[in-house]
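Biologist: I want to learn how to read a structure like this one. Please take me through it feature by feature.

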Amino acid sequence: MKALPVEPTNAPVAIGVRIRSARQARHLTIEQVAEATGLTKGFLSRVERDLTSPSVASLLTLCQVLSISIGDLFAAPETNVTRLADAPRISLGGEGIVERLVTARTERRVQVVRSVIAPGGSGEADLYSVDCEVEVLHVAQGSFELILGNERIELTTGDTVTFPGREPHSWHNPSDEETVVLWTLVSPGGA
């Protein structure tokens, strides 16, 4: 098969923000990176702000010090869009609830479930837990009651509660109106 001729682009590649992010993730200052690479602080600052481009040799040295590959600087970020209408329906139990997984099916670090709960809808009669590290529950619309053991937490539109994912709980929509809740489930090592 013949390779298709692709015209080169003159659009600049912005790698500075990724270099800065890698440096900050390793808790390094520009001074520390300058010392380790032999590059000046001013030069590194300009690179991080995409005001100048490093040579291939400087870029290799910089990537070695930051423990990243050059390819990581140029790779497009993996993004997934889930349209609500296309989000798969799931069932985590309960009555009077329609649940949709609104994060990508392939995402394992964190999952967001959008629940629309009918008036009087409720979770399981027995308390249950979810296999995740942390649960974050945000009430997008309506009223919601979270049941944790003997404690009942009343929530309304805009309220958010965070609790350990393995904490036994249940829930209830105490109102006569529909409630919309977003459950964010963070996997162990996911955040």
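Biologist: What covers the buried residues of α2?

Modeller: The cover includes α1 (16-25), α3 (41-48) and α4 (56-66). Contact here means heavy atoms within 4.5 Å. Helices (H or I, at least four residues) and strands (E, at least two) are DSSP runs, numbered from the N terminus. This is a predicted model: local features need pLDDT of at least 70, side-chain atom pairs count only at pLDDT 80 or more, and totals for chains, interfaces and linings use all residues. Residues are numbered from 1 along each chain as its sequence is written, and side-chain values use heavy atoms, leaving out hydrogens and water.

Biologist: Which residues of helix α2 are buried?

Modeller: First the cut-offs: buried is under 20% relative accessible area, exposed is over 50%, and partly exposed is in between (1.4 Å probe, protein chains only). In α2, residues 30-37, the buried ones are Ile30, Val33, Ala34 and Thr37. They span an arc of only 105 degrees around the axis, which puts them on the same side of α2. That arc is taken from the directions from the helix axis to the C-beta atoms.

Biologist: Why do residues three or four places apart point the same way in an α-helix?

Modeller: An α-helix has 3.6 residues a turn, so such residues point the same way. Now turn α2 around: Glu35 and Ala36, on the other side, are exposed.

Biologist: Is arginine 23 buried or exposed?

Modeller: Buried, with a relative accessible area of 10%. Arginine 23 belongs to helix α1. Leaving aside residues up to four places away in sequence, arginine 23 touches Leu28, Thr29, Ile30, Val33, Glu48 and Leu66. Two of those names, Ile30 and Val33, are among the buried residues of α2.

Biologist: What does UniProt place at residues 19-73?

Modeller: The unreviewed entry has the feature "domain: HTH cro/C1-type" there. UniProt positions are given in the numbering used here, feature names are shortened, and annotations may be inferred rather than shown by experiment. In the model, that span is 69% helix and 0% strand. Its end C-alpha atoms lie 7 Å apart.

Biologist: How do I read the backbone angle phi?

Modeller: Start with the sign. Most residues other than glycine have a negative phi. Histidine 27 goes against that, with a positive phi of about 55 degrees although it is not a glycine. Histidine 27 sits in the loop between α1 and α2. At 69% relative accessibility, histidine 27 is exposed.

Biologist: Where is aspartate 50 found?

Modeller: In the loop between α3 and α4. The phi of aspartate 50 is also positive, near 55 degrees. Aspartate 50 is partly exposed, at 35% relative accessibility. A glycine example follows just after α2: glycine 38 has a positive phi of about 80 degrees.

Biologist: Now strands. Which strands does β5 pair with?

Modeller: Two strands pair if DSSP finds at least two bridges between them. β5 (residues 143-148) and β6 (residues 151-156) run antiparallel and share 6 bridges. Serine 143 faces threonine 156 of β6. The hairpin of β5 and β6 has 2 residues between the strands, and glycine 149 in that hairpin takes a positive phi near 60 degrees. β5 also joins β8 (residues 170-172), antiparallel, through 3 bridges. There, isoleucine 147 has serine 170 as its bridge partner.

Biologist: How many residues of strand β5 are buried?

Modeller: 5 of the 6, so β5 is largely enclosed by the rest of the structure.

Biologist: What about strands β1 and β2?

Modeller: β1 (residues 89-90) and β2 (residues 95-101) pair in the antiparallel sense over 2 bridges. Arginine 89 stands opposite arginine 100 in β2. Their hairpin has 4 residues between the strands, and glycine 93 in the turn has a positive phi of about 100 degrees. β2 also pairs with β3 (residues 110-122), antiparallel, over 6 bridges. In that pairing, glutamate 95 faces serine 122 of β3.

Biologist: How many disulfides does a search of the whole structure find?

Modeller: A disulfide is a covalent bond between the sulfur atoms of two cysteines. The test is a pair of cysteine sulfur atoms within 2.5 Å. The search finds 0. Cysteine 63 is buried at 5% relative accessibility, and cysteine 132 is buried at 2%.

Biologist: Where is confidence lowest and where is it highest?

Modeller: pLDDT is the predictor's confidence in each residue, from 0 to 100. Confidence is lowest in helix α5 (residues 70-74), with a mean of 88, and highest in strand β4 (residues 134-141), at 97. The protein chain averages 90, and 92% of the residues score at least 70.
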